[in-house]
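Reader: I'm new to this one. Can you walk me through it?
Author: Sure. Have a look first, then ask away.

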Amino acid sequence: MLLIKNAHILTMEDAEYDNGYIITEGTKIKEVGHMADLLMPEDTFDDVYDAKGNYALPGFIDAHCHVGLWAEGAGSEGADGNESSDPVTPQLRAIDSVDPFDEAFSDALMAGVTTVVTGPGSANIIGGQFAALKTGGRWVDEMILKAPVAMKAALGENPKRNYGSKGTAPKTRMANAAILREALFKAKEYVRKQDAYLAGEKKSRPEPDFKMEAMADVIRKKLPLKVHAHRADDICTAIRIAEEFDICLTLEHCTEGHLIAPLLAEKKIPVMLGPALDCRTKPELKNKSYEVYCLMEEAGVPFAIITDHNVMPISELYLLASLVHKNGVSAMATLRGITINAAKNTGIDDRVGSLASGKDADIVIVSGELFSLNAKVETVFLNGNQVK
């Protein structure tokens, strides 16, 4: 067992301990409490870590990135995130493309990012299956927290540019929406036939379809559709289509979300915001601003803060959060954006995102004032093991 003592603990479970302790056993958190309530003597523990008054926080989570699919320093050989030969590729899986030896994983871990939600890019209308991975492990299968965790889709400029330049659909936003609707329509029909066969209403099993098998969990609401959308009109299109087919939706980037904040608050759709710390590299980013984070907090939208690595480095997630706070978002809303909100918005909060008994022992020790630029990630525990 490990004892972390004398820590200022922010559990993200509506409990804060100015001077607290955390006990871990194996890969899990066993107990969290006030130092005054610690009953076990220190010599009963295998290891004791003295936090010396520093913050103990849940391991940070990047709820939308592409770590391992565009490997650091590998050029085109390491670019395995966009299968841009077909606008509809739901059968593709991030875990089959991730390079676990990508240096970005170790960079992330040393910066306190213990979980990443990573997957295909946005060249396709439907790009494939995202996975939630721990940032430490000897091979991908050992790193998997949950796979698949979502089905990636994209609207707006990227699929238009990718396929329009080849003279094929989609060339317009109308075609983007039509291709997505067609794929969902086919998947819904595929599921209907499957269900009829399983219920004994049809004698013949539907002809297997690899793409539709992957989409079936979206139709059955077992997987959310994780839709890349920057412009407000694309965001509204994603919502309209999700409601038409009665599927679960998460909104990725949501750059112009501040223009429709009341709608997002009303619909209660999980939002992954960002990244803000990059240039306006294309037309649909012209309204990019830190204001979106502030207005999402005002509207009561529980957002996650994302790097979209390799748009900005995964190792700078805490820096990005610090800048979000500097631009007007409260410290706790900011911290939620890289911990519990990131976990809840991606459906992995049963394992990570807060410090509580039974959850994974992913813990970050941070010195200095929270989200000040002189704050430092001092120590990182992953699955109960000190890795920094």
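Reader: Let's begin with strand 1 and strand 5. In which sense do they pair, and over how many bridges?
Author: Strand 5 covers residues 55-58. Strand 1 pairs with it in the parallel sense, over two bridges. Keep in mind that this is a predicted model.

Reader: Which residue of strand 5 is the bridge partner of I9?
Author: A56 is. I9 also has a bridge partner in strand 2, namely Y17.

Reader: How do strand 1 and strand 2 run, and how many bridges join them?
Author: They run antiparallel, joined by six bridges. Strand 2 is residues 16-25. The two strands form a hairpin with five residues between them.

Reader: What about the turn? What is the phi of M12 there?
Author: Positive, about 65°. D14 has a positive phi of about 65° too, although D14 is not a glycine. D14 lies in the loop between strand 1 and strand 2.

Reader: Is D14 buried or exposed?
Author: Exposed. Its relative accessible area is 85%, and the cut-off for exposed is over 50%.

Reader: Back to strand 1. How does strand 4 run beside it?
Author: Parallel. Four bridges join strand 1 to strand 4, which is residues 47-50. K5 stands opposite D50 there.

Reader: How many residues of strand 1 are buried?
Author: Eight of the nine, counting residues 2-10. So strand 1 is largely enclosed by the rest of the structure.

Reader: New topic: the nonpolar core. In the largest one, which residues touch the most other members?
Author: F60, L251 and Y293. That core has 91 residues. Its largest share, eight residues, comes from helix 4, residues 173-198.

Reader: And L251, what does L251 touch?
Author: Setting aside residues up to four places away in sequence, L251 touches V227, I235, A238, I239, L264, I269, P270, V271 and M272. Apart from the largest core lies another core, of 16 residues. Among its members are L2, I9, I22 and V32.

Reader: Why would nonpolar side chains sit together?
Author: In soluble globular proteins, nonpolar side chains tend to be buried together.

Reader: On to pockets. What is the volume of the largest pocket?
Author: About 440 Å³. The lining has 29 residues, and N158, H228, K282, D308 and V311 lie nearest the centre of the pocket.

Reader: Which elements give two or more residues to that lining?
Author: Helix 3, residues 157-164, and helix 8, residues 291-299. Helix 3 gives the most, with three residues.

Reader: How does the lining of the largest pocket split by class?
Author: Eight nonpolar, 15 polar and six charged residues.

Reader: And the second largest pocket? Which residues line it?
Author: L10, T11, M12, E13, D14, A15, E16, M332, R336, I340, N341 and K344. M12 and D14 came up earlier, each with a positive phi. The second largest pocket holds about 240 Å³ of space.

Reader: Which helix gives the largest share of that lining?
Author: Helix 11, with three residues. By class, the lining has five nonpolar, two polar and five charged residues.

Reader: What about closed spaces? How many cavities of 30 Å³ or more turn up?
Author: Two, from a search of the whole structure. The largest has a volume of about 40 Å³. Its lining is P58, G59, I61, T114, T115, V352, G353, S354, D360 and D362.

Reader: And what lines the second largest cavity?
Author: V117, V149, A150, P224, K226, T250, M272, N345 and T346. M272 is also one of the residues that L251 touches. By class, this lining has five nonpolar, three polar and one charged.

Reader: Last topic: backbone oddities. Where are the cis peptide bonds?
Author: One joins A169 and P170, with omega about 10°. P170 lies in the loop between helix 3 and helix 4. Another joins G274 and P275, with omega about 0°. P275 is in the loop between strand 12 and helix 8.

Reader: And K268? What is its phi?
Author: Near 55°, a positive value in a residue other than glycine. K268 sits in the loop between helix 7 and strand 12. K268 is exposed, with a relative accessible area of 72%.

Terms used. Residues are numbered from 1 along each chain as its sequence is written. This is a predicted model: local features need pLDDT of at least 70, side-chain atom pairs count only at pLDDT 80 or more; totals for chains, interfaces and linings use all residues. Side-chain values use heavy atoms; hydrogens and water are left out. On a 1 Å grid over the protein atoms alone, a cavity is a set of points where a 1.4 Å probe fits but cannot get out, and a pocket is an open set with protein on both sides within 12 Å along at least five of seven lines; lining residues have an atom within 4 Å of a point. Grid points are joined across faces, edges and corners, and a volume is the space filled by probe spheres set on the points. Ala, Val, Leu, Ile, Met, Phe, Trp, Tyr, Cys and Pro count as nonpolar, Asp, Glu, Lys and Arg as charged, and the others, Gly among them, as polar. Buried means under 20% relative accessible area, exposed over 50%, partly exposed in between (1.4 Å probe, protein chains only). Two strands pair if DSSP finds at least two bridges between them. A nonpolar core is a set of buried Ala, Val, Leu, Ile, Met, Phe, Trp, Tyr and Cys residues joined through side-chain atoms within 4.5 Å. Contact means heavy atoms within 4.5 Å.
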